[in-house]
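Q: I'd like to take a close look at one part of this protein, the sheet in its later portion. Could you walk me through how that part is put together?

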Amino acid sequence: MTGVSRVGRARSATGAKRVGYVLKRYPRYSETFIVNEILALERRGVEIEIFSLRHPEDGHFQDAIARVRARVRYLPIPGRRAADLWSTLARAGSMIPGLWERLPEAVADEPRHFDPALRIALAAHEAGITHLHAHFATEASSVARLAAHLADVSHSFTAHAKDIFHEDVSADAIGAKMSAADAVVTVSDYNEGHLRALADDPAIRLARIYNGLELERFPYSEPLRRPPRVLAVGRLVEKKGFDDLIEACALLRSRGVRFGCDIIGAGELEADLRTRIAERSLSESVELLGPRPQAEVFERLRHAAVLAVPCVRGRDGNRDGLPTVLLEAMALGTPCVSTDVTGIPEVLRAGETGLAVAQRDPAGLADALARLLEDAGLRVRLAAAARQLIERRFDVDRNVEALLQLFSRREAAALERAS
């Protein structure tokens, strides 16, 4: 994947850098970190085009979506008429220098990736895009890799959680993707260590860049006087550990602790969790609120006495990387309780920026929740230290600068190889 065309179009007609984002589905309610990243790049003057392999399915979206300037192109589902594919291929072959010579290597890829990759390659050439970046080491990164090969541009991807930890993930496949990429990003030191252990190639260009927040949207509020409300936010799936939270709430009630608990989110375990709440006679204390608009989530975070993030490693190996809601709560001044899953201890430092409990330990979780519900001084101390850490390490504008430099280094390396 060398050639002068990769870098020759490094700037658009306006002089701005152009980057294509390849995503499986855009937008998605749970992927606020992608929206934050795109907005931060746009503030840096980067022109973004988004290529979405599927249309959105969610009923709620982040408020920040409205501020994204990038055009979104939705790719047709593969399987269209052969005549249409040949027509697109002929057009691309006439426009993209060297495309025909690069086709034999594309034959080894999965056939379902070829159609969207070809369309992205053609659009990238027409728009002057010289770097493609995908989120998640799944279909999106596979399509981005093939599209970059066809268009002779550089590419990278960000690996997060299920895409690298699930039991169905092939270590060989992940290693091959990392070797083929011009750069790989992941969101925690824990993830970086895991990926390096999977890689046979010591030359893999792997960087840890934390997801970040637009800090001006998260004004700090001291949690000295807040109602005894526990909040939890996330998809209702095993790895979130909400069944443990419900058990902890049952223990709190049995101890006479005054509290209420709201769980925001939707997912496959909703019926099971509702049954558990009813069986524990917690209907007056614990409420499943379903998905909520981002503005409402932030408002509830601002007024909660504690955020519970009882993450666990799922039976299928799936686990969270570094939940964005944890960062949001810390920025706003809401004390947090969480577990030692993956990268969480990198931000929730036990006894310093939050309280840590073991996975699948409802009694320990109940103890930590009770401490924060009843000890205002502890809430204030932990929240202040947490906000300081967020400002130092999770400012999206600072972190995205490292991402942009990484994109630029890949282009510079491509130019050197082509010369």
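To begin with one pair of strands, how many bridges join strand S9 (residues 260-264) to S10?

A: Happy to! Strand S9, which covers residues 260-264, is joined to S10 by four bridges, and the two strands run parallel. This is a predicted model, where local features need pLDDT of at least 70, side-chain atom pairs need 80 or more, and totals for chains, interfaces and linings use all residues. Residues are numbered from 1 along each chain, and side-chain values use heavy atoms, leaving out hydrogens and water. Strands (E, at least two residues) and helices (H or I, at least four) are DSSP runs numbered from the N terminus. Two strands pair if DSSP finds at least two bridges.

Within the S9 and S10 pair, you can look for Asp262, which stands opposite Glu287 in S10. Now zoom out to the whole sheet. It is open and has six strands, with parallel pairing. Reading across it, the order is S10-S9-S8-S11-S12-S13. Strand S10 (286-290) stands at one edge and strand S13 (355-356) at the other, each with a single partner strand, so one side of each is left without a neighbour in the sheet.

Next, look at what lies against this sheet. Helix H12, residues 294-303, packs on the sheet and touches four strands: S8 (229-233), S9, S10 and S11 (306-309). Touching means contact, that is, heavy atoms within 4.5 Å. The direction of H12 makes about 145° with that of S8. Such angles run from 0 to 180 degrees between N-to-C directions of axes fitted to C-alpha atoms, for helices over the stretch in contact. Helix H13, residues 324-332, also packs on the sheet. The strands that H13 touches are S8, S11 and S12 (336-338), and its direction makes about 165° with that of S11.

Let's follow strand S11 for a moment. On one side, S11 pairs with S8 in the parallel sense over two bridges, and there Val230 stands opposite Val306 in S11. S11 is also joined to S12, by three bridges, and these two run parallel as well. In that pairing, Val309 stands opposite Ser338 in S12. Where do the side chains of S11 point? Val306 and Ala308 point one way, Leu307 and Val309 point the other way, and all of them are buried (under 20% relative accessible area; over 50% is exposed, in between is partly exposed; 1.4 Å probe, protein chains only). In a regular strand, side chains alternate between the two faces of the sheet.

Helix H13 has another partner besides the strands: helix H15 (residues 376-393). The axes of H13 and H15 come within 7 Å and cross at roughly 115°. Leu327, Met330 and Ala331 are the residues on the H13 side of this meeting. From H15 come Ala383, Ala386, Arg387 and Ile390.

To finish, return to the edge strand S10 and look at the loop that leads to it. Ser281 sits in the loop between helix H11 (270-279) and S10. Its phi is positive, about 55°, although Ser281 is not a glycine. Most residues other than glycine have a negative phi. Unlike the buried residues of S11, Ser281 is exposed, with a relative accessible area of 54%.
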